[in-house]
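Work through the following exercises with the sequence and the model beside you. Try each task on your own before reading its solution.

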Amino acid sequence: MASKSLQTRELQKSRYQSFVETRTNALKEKGVAAPDVAKDPKIKQVKAKIKQVDAAIARISFLDEQTKQLEEKKAQRKAEAEAQRAAMIAGEISKKDKKKKAEEKKDASAGKKKQAGGKAPAKGKPQAKKKGK
């Protein structure tokens, strides 16, 4: 299983890059031309691994950001619930108002569902056409 740690992936990337540098230097010392160095199979293979590691780093960063956003939303919802609870205890919000808000949320979500697709026609026999005058 691949590592999901950002630090580990960064270390892998640095190792691969140092390998490419040492291989390039060794080939240049042997007198290989620059275009032939770029065609070296080992260098190509390691560069492909570097691309894979870069993609993994991007995924890890994306997931970390998503997690942070989710935690912020949860904290915000929790704070709103606590504020509403405190207001209810203080007597500012009655139970009827709370029920109305809950019904409004349900109605709003039901309206979104109806707009999204509504009821699909029944499958089976096609309906007979009515003859007009």
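Helices (H or I, at least four residues) and strands (E, at least two) are DSSP runs, numbered from the N terminus, and the expected span of a helix is 1.5 Å times one less than its number of residues. This is a predicted model, in which local features need pLDDT of at least 70 and side-chain atom pairs count only at pLDDT 80 or more, while totals for chains, interfaces and linings use all residues. Residues are numbered from 1 along each chain as its sequence is written, and side-chain values use heavy atoms, with hydrogens and water left out.

**Exercise 1. The elements and their confidence**

Task: List the elements of the protein in order, and find which of them has the lowest mean pLDDT and which the highest.

Solution: Begin with the count, which gives 4 helices and 0 strands. Read from the N terminus, the elements therefore run α-α-α-α, since the runs are numbered from that end. Next comes pLDDT, which is the predictor's confidence in each residue, from 0 to 100. Its mean over the protein is 83, and 77% of the residues reach 70 or more. Among the elements, helix α4 (residues 95–116) has the lowest mean, 68, whereas α1 has the highest, 94.

**Exercise 2. The spans of two helices**

Task: Compare the end-to-end distance of α1 with the span that its 25 residues should have.

Solution: At 1.5 Å a residue, the 25 residues of α1 should span 36 Å, and the C-alpha atoms at its ends are 36 Å apart, so the two values agree. The same check can be made on helix α3 (residues 41–90), which has 50 residues and reaches 74 Å from its first C-alpha to its last, close to the 74 Å expected. Finally, look just beyond each helix: Gly 31, just after α1, takes a positive phi of about 95 degrees, and Gly 91, which follows α3, has a positive phi near 95 degrees.

**Exercise 3. Buried residues and what covers them**

Task: Find which residues of α1 are buried, and what covers them.

Solution: The cut-offs come first: buried means under 20% relative accessible area, exposed over 50%, and partly exposed in between (1.4 Å probe, protein chains only). By this rule Arg 9, Val 20, Thr 24 and Leu 27 are buried in α1, and what covers them includes α2 and α3. Take Thr 24 as an example, which counts as buried because its relative accessible area is 18%. A contact means heavy atoms within 4.5 Å, and Thr 24 touches Val 37 and Ile 43, not counting residues up to four places away in sequence.

Now turn to α3, where the buried residues include Ile 43, Val 46, Ile 50 and Val 53; the buried residues of this helix pack against α1 (6–30) and α2 (34–38). Tyr 16, placed in helix α1, is partly exposed at 25% relative accessibility, and it touches Val 46, Lys 49, Ile 50 and Val 53, again not counting residues up to four places away in sequence. Tyr 16 and Val 46 are 30 residues apart in sequence, yet their C-alpha atoms are 6.2 Å apart in space. As a last step, consider the whole protein, in which buried residues make up 11% of the 133 residues.

**Exercise 4. The salt bridges**

Task: Find how many salt bridges the whole structure contains, and work out which parts each pair joins.

Solution: Side chains of opposite charge can pair when their charged atoms come close. A salt bridge is a side-chain nitrogen of Lys or Arg within 4 Å of a carboxyl oxygen of Asp or Glu, and a search of the whole structure finds 3 of them.

1. Lys 13 pairs with Asp 54, the closest N and O atoms being 2.8 Å apart. Lys 13 lies in helix α1 and Asp 54 in helix α3, so this pair ties together parts that are 41 residues apart in sequence.
2. Arg 23 pairs with Asp 40, and here the closest N and O atoms are 2.9 Å apart. Because Arg 23 lies in helix α1 and Asp 40 in the loop between α2 and α3, the pair ties together parts 17 residues apart in sequence. Arg 23 is partly exposed, at 23%, whereas Asp 40 counts as buried, at 10% relative accessibility.
3. Arg 85 and Glu 82 meet through their side chains at 3.3 Å, N to O. Being 3 residues apart in helix α3, these two are separated by about one helical turn.
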